[in-house]
Amino acid sequence: MTTQTLRALKGQRPIVCVTAYDTPTARCADEAGVDLILIGDSVGNNVLGFANTVPVTLDMMVHHAAAVVRAKAEALIVADLPFGDAHLKRGDVVRACRRLIQEGGVEAVKMEGGVALAPTVEHLIQAGIPVMGHIGLQPQQVNVLGGYRRFGRSEAEGETLLADAQALEKAGVFAMVVEMLDAKLAAELTQKIGVPIIGIGSGPECDGQILVAHDILGINEHAPSFAKAYAKLHETMRGAFAEYAKEVRGKVYPGVGVGSKKV
């Protein structure tokens with residue numbers, strides 16, 4: 001999958017996207033046939049124990065991006081540009097994106113922002129850096145927003161989001177994520193915008209969907225309301241650790257010959 005083959009899927013079939021942060025998870029997702037794997041700055045709250053994405057640094061993103069890339073996936077690999085980096089001087093933004101591509105090994109970057117960010121997006125694409133947009137709820141703005149909410153319920157907000165999407169399309173993004181949008185607005189954008197609209201908590205009419213692997217697998221105890229768990233790995237993992245602890249304390253593990261080789 002490339003940025004161009006993914007873009008060509010618009011109107012052909014739904015696009016399947018997963019957010020992952022490590023080699024084994026990315027390998028499993030790729031073997032399942034997902035189209036795009038995102039290394040999200042949500043690694044902060046899903047893996048690193050932060051309350052939100054704001055503390056995640058570029059070094060952290062490069063580290064986790066490289067881990068996902070080692071899965072040697074057929075899926076397109078994209079990484080988030082972390083908090084604040086998209087709003088640096090353009091040369092510094094290019095350098096940050098170069099690190100994700102050259103050191104992390106990803107094929108494209110995702111950036112949060114709309115109209116105001118479009119000139120930077122255009123500059124990056126001219127520098128050979130493919131960009132995926134992200135509008136609606138922008139988790140990096142949590143301290144400004146004061147929390148998370150749904151976007152696009154009012155006419156004025158809908159017009160702003162349409163302008164954001166059109167500006168990003170004109171700037172040259174190959175796709176864009178729309179997060180926590182009113183479902184009717186998300187459907188409208190999907191019809192009006194010429195690049196794939198990937199929804200997360202934005203209803204069923206988008207060109208594709210993205211969810212975090214930890215939510216899909218049921219690892220997170222407190223998943224977003226729009227997420228669906230397709231497994232219950234939190235319970236499975238806790239049970240396995242408990243059984244291991246029981247056997248160690250009861251001197252059942254390791255049993256005679258466990259871990260040893262015949263001579």
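Y244 lies in helix α11, which spans residues 233-249. In this predicted model, Y244 forms a nonpolar surface patch together with V248 and Y253. The accessible area of the three residues together is about 300 Å². Elsewhere on the chain, Q102 is placed in helix α5 and counts as exposed, with a relative accessibility of 60%. The C-alpha atoms of Q102 and G128 are 12 Å apart in space, and the two residues are 26 residues apart in sequence.

The strands β1, β2 and β3 are linked by parallel pairing. Strand β1 (residues 15-19) runs parallel to β2 and is joined to β2 by three bridges. One of the residues involved is T19, whose bridge partner in β2 is L38. Strand β2 also pairs with β3 in the parallel sense, here over four bridges. L38 takes part in this pairing as well, with V78 as its bridge partner in β3. L38 thus has a bridge partner on either strand, T19 in the one case and V78 in the other. Between β1 and β2 lies helix α2 (residues 23-31), and the three elements make a right-handed β-α-β unit.

In a regular strand, side chains alternate between the two faces of the sheet. Strand β2 (residues 36-39) is covered on both faces. L36 and L38 are buried on one side, and I37 and I39 are buried on the other.

The structure holds eight salt bridges. One of them is formed by D80 and K110, with the closest N and O atoms 2.7 Å apart. This pair links distant parts of the chain, since D80 belongs to strand β3 (residues 76-80) and K110 to strand β4 (residues 108-112), with the two positions 30 residues apart in the numbering. Both partners are buried: D80 has a relative accessible area of 5%, and K110 has one of 4%.

A salt bridge within a helix is formed by R95 and D92, whose closest N and O atoms are 2.5 Å apart. R95 and D92 are separated by about one helical turn because they are three residues apart in helix α5 (residues 90-102). Both side chains are partly exposed, R95 with a relative accessible area of 48% and D92 with one of 30%. A further salt bridge joins the side chains of R149 and E157, at 2.8 Å from N to O. R149 is partly exposed, with a relative accessible area of 37%. In addition, D59, R99 and E103 are joined into one network by salt bridges that share partners.

A search of the whole structure finds zero disulfides. For C17, the closest cysteine sulfur is that of C206, and the distance of 11 Å is too far for a bond. C17 is buried, with a relative accessible area of 3%. For C28, the closest cysteine sulfur is that of C17, at 18 Å, which is likewise too far for a bond. C28 counts as exposed, with a relative accessibility of 52%.

How values were computed: Residues numbered from 1 in each chain as written. Predicted model: local features only at pLDDT ≥ 70, side-chain atom pairs only at ≥ 80, totals over all residues. Heavy atoms only, no water. Salt bridge = Lys/Arg side-chain N within 4 Å of Asp/Glu carboxyl O. Buried < 20%, exposed > 50% of the residue type's maximum accessible area, 1.4 Å probe, protein only. Pairing = 2+ DSSP bridges. Right-handed = clockwise from strand over helix to strand, strands pointing away. Patch = residues over 30% accessible without salt bridge, like charges linked within 9 Å, V, L, I, M, F, W, Y side chains within 5 Å. Areas by Shrake-Rupley, 256 points an atom, 1.4 Å probe, with all protein chains shown as cover. Disulfide = S-S within 2.5 Å.
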